[in-house]
Amino acid sequence: MRENPYSKAVFLKSAARVSQLPDDSGYEVAFAGRSNAGKSSALNCLTGIKNLARTSKTPGRTQLINLFEIAQERRLVDLPGYGYAKVALQVKMDWQKNLAHYLEVRQSLKGLILLMDIRHPLKDLDLMMVDWALERELPVHILLTKADKLSRSDVKNTVAKVRKYYDLASHLITVQSFSSLKKEGVKELIGLLNTWFDLTPSDTCNENL
């Protein structure tokens, strides 16, 4: 059994804006999504580290860009959740400005993992995030979370629906279902991340998840 390379993730730093991030070198993959899409749970599930990304019963609490190092010059980036109704409008605008700035200028960014609740995909802010990524031809992997909440047939139909929606951009956009609760879809996610991070075969994970 080979080790999951993401189990080595360690907290690097938090940043309120792009100017506070580490040097723009190496490889970064960013996780983004609405505040209730299960982003923290997905990161914890991916790494197998229970409290790596803090989960909260109050969506929208995390307002910082959080970085985790998985290897030399390779970082997972936890972007602030967006779209939570109880957050002040000015705060929402600041978040969106920082998210857009990060996606536009960060040269070490190799891809975006965009999380959507499989029961409520393709919301306006999700579409905006994809548009920002497509403007710089950045690959996007849509993670349809909470797949355990639907039947297998409904999961399959929703994945097909989202893929069809982005059919014209299929060279940049991929889609999968995911369940942090049942640890479904983890192998597929790890395989994609290994490609984006350009990890060597010796770093890849073949263990049962």
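How many residues does helix 4 have, and how far does helix 4 reach from its first C-alpha to its last? The legends below take up this helix after the sheet. The model is predicted, so that local features need pLDDT of at least 70 and side-chain atom pairs count only at pLDDT 80 or more, whereas totals for chains, interfaces and linings use all residues. Residues are numbered from 1 along each chain as its sequence is written, and side-chain values use heavy atoms, with hydrogens and water left out.

**View 1. An open sheet of 7 strands with mixed pairing.** The strands follow the order 1-3-4-2-5-6-7, where strands (E, at least two residues) and helices (H or I, at least four residues) are DSSP runs numbered from the N terminus, and two strands pair if DSSP finds at least two bridges between them. Strand 1 (10–15) and strand 7 (173–177) stand at the edges with a single partner strand each, so one side of each is left without a neighbour in the sheet.

**View 2. Strand 6 between its parallel partners, strand 5 and strand 7.** Strand 5 (residues 109–117) is joined to strand 6 (residues 140–145) by 6 bridges, and Asp 117 stands opposite Thr 145 in strand 6. Strand 6 and strand 7 pair over 5 bridges, with Val 175 in strand 7 as the bridge partner of Ile 142.

**View 3. Helix 4 and its buried side.** Helix 4 has 14 residues and reaches 20 Å from its first C-alpha to its last, close to the 20 Å expected at 1.5 Å a residue, the expected span being 1.5 Å times one less than the number of residues. Val 155, Thr 158, Val 159 and Val 162 of helix 4 are buried (under 20% relative accessible area, as against exposed, over 50%, and partly exposed in between, with a 1.4 Å probe and protein chains only). These residues cover an arc of only 100 degrees around the axis, taken from the directions from the helix axis to the C-beta atoms, which puts them on the same side of helix 4. What covers them includes strand 6 and strand 7, while Lys 156, Lys 161 and Lys 164 are exposed on the other side.

**View 4. Arg 106 in the loop between helix 2 and strand 5.** Arg 106 is buried, with a relative accessible area of 4%. Among the residues that Arg 106 touches (heavy atoms within 4.5 Å), not counting residues up to four places away in sequence, are Asp 24, Glu 28, Arg 75 and Arg 136. Arg 106 and Asp 24 are 82 residues apart in sequence and 6.6 Å apart in space, C-alpha to C-alpha.
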